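Dear colleague,

I am passing on the structure we spoke about, and my notes on it follow below. Please read them with the sequence and the coordinates open beside you.

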Amino acid sequence: MKILVINGPNINMLGIREKNIYGSETYEDLLRFCKDAADELGVEVSFFQSNHEGALVDTIQEAYGKIDGIVINPAAYTHTSVAILDALKAVSIPTVEVHISDVPSREDFRQISYIRPYCIRTITGMGFEGYKEAMKELLKKGCA
Ligand code: DQA
């Protein structure tokens with residue numbers, strides 16, 4: 001059972017960027033957290049992070065036939081990217097959308113998520129815990 005965790009732009013800057021919103025833990029800490037969670041849940045996990053929309057699309061396409069479930073935090077591309085939505089639809093892999101911060105309580109421009117209608121669930125404001133919750137959701141739905 002294979003889960004791919006995809007993170008979008010600036011998630012590699014965790015621990016440096018807007019600590020009041022995203023906390024002081026780093027991207028490396030996030031990877032460690034997700035790996036531990038995956039081990040606990042008994043799933044295989046792999047990771048991808050990019051600041052480039054096309055690279056995210058390529059990775060989603062490459063997951064076709066290889067990955068059972070996707071956990072994705074498209075970061076700023078959440079609010080702009082039809083291409084990421086179309087890639088998810090193309091591969092038809094069950095997906096959970098995750099945001100570290102509490103997006104509903106933030107700016108108006110963050111309230112749009114192009115991928116939300118495709119995703120089986122959206123998790124916001126749970127910090128790193130949201131990624132574990134997303135993996136659990138995929139397991140619960142029998143996807144991974
Ligand atoms: C984010 C929320 C987005 O609005 C923002 O652009 C990010 C991170 C989050 O994890 O809370 O970069 O996806």
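**Contacts of the ligand**

In this model, which is a predicted one, the side chain of N73 places an N or O atom 2.8 Å from an oxygen atom of the ligand. The side chain of H79 likewise has an N or O atom that lies 2.7 Å from a ligand oxygen, whereas with I100 it is a polar backbone atom that is found 2.8 Å from an oxygen atom of the ligand. Of the 320 Å² of accessible area that the ligand has on its own, the protein covers 98%.

As for the wider surroundings, the residues around the ligand are R17, Y22, N73, A75, A76, H79, H99, I100, S101, V103, R106 and R110. Sorted by class, this shell is made up of five nonpolar, four polar and three charged residues.

Where does the ligand sit? It occupies the largest pocket of the model, whose volume comes to about 170 Å³. The lining of that pocket is formed by 15 residues, and those that lie nearest its centre are Y22, A75, A76, R106 and R110. By class, the pocket lining comprises seven nonpolar, five polar and three charged residues.

When you go through the structure, you might begin with N73, whose side chain has an N or O atom 2.8 Å from a ligand oxygen, and then turn to Y22, which is listed among the residues surrounding the ligand and also among those nearest the centre of the largest pocket.

With best wishes

Definitions and conventions. Residues are numbered from 1 along each chain as its sequence is written. This is a predicted model: local features need pLDDT of at least 70, side-chain atom pairs count only at pLDDT 80 or more; totals for chains, interfaces and linings use all residues. Side-chain values use heavy atoms; hydrogens and water are left out. On a 1 Å grid over the protein atoms alone, a cavity is a set of points where a 1.4 Å probe fits but cannot get out, and a pocket is an open set with protein on both sides within 12 Å along at least five of seven lines; lining residues have an atom within 4 Å of a point. Grid points are joined across faces, edges and corners, and a volume is the space filled by probe spheres set on the points. Ala, Val, Leu, Ile, Met, Phe, Trp, Tyr, Cys and Pro count as nonpolar, Asp, Glu, Lys and Arg as charged, and the others, Gly among them, as polar. A residue is near a molecule or strand if one of its heavy atoms lies within 4 Å of it. A polar contact is a pair of N or O atoms within 3.5 Å; within protein, one must be able to donate a hydrogen and the other to accept it, and residues adjacent in sequence count only if both atoms are side-chain atoms. Accessible areas come from the Shrake-Rupley method with a 1.4 Å probe; for residues, only the protein chains shown count as cover. A molecule sits in a cavity or pocket if more than half of its atoms lie within 2 Å of its grid points.
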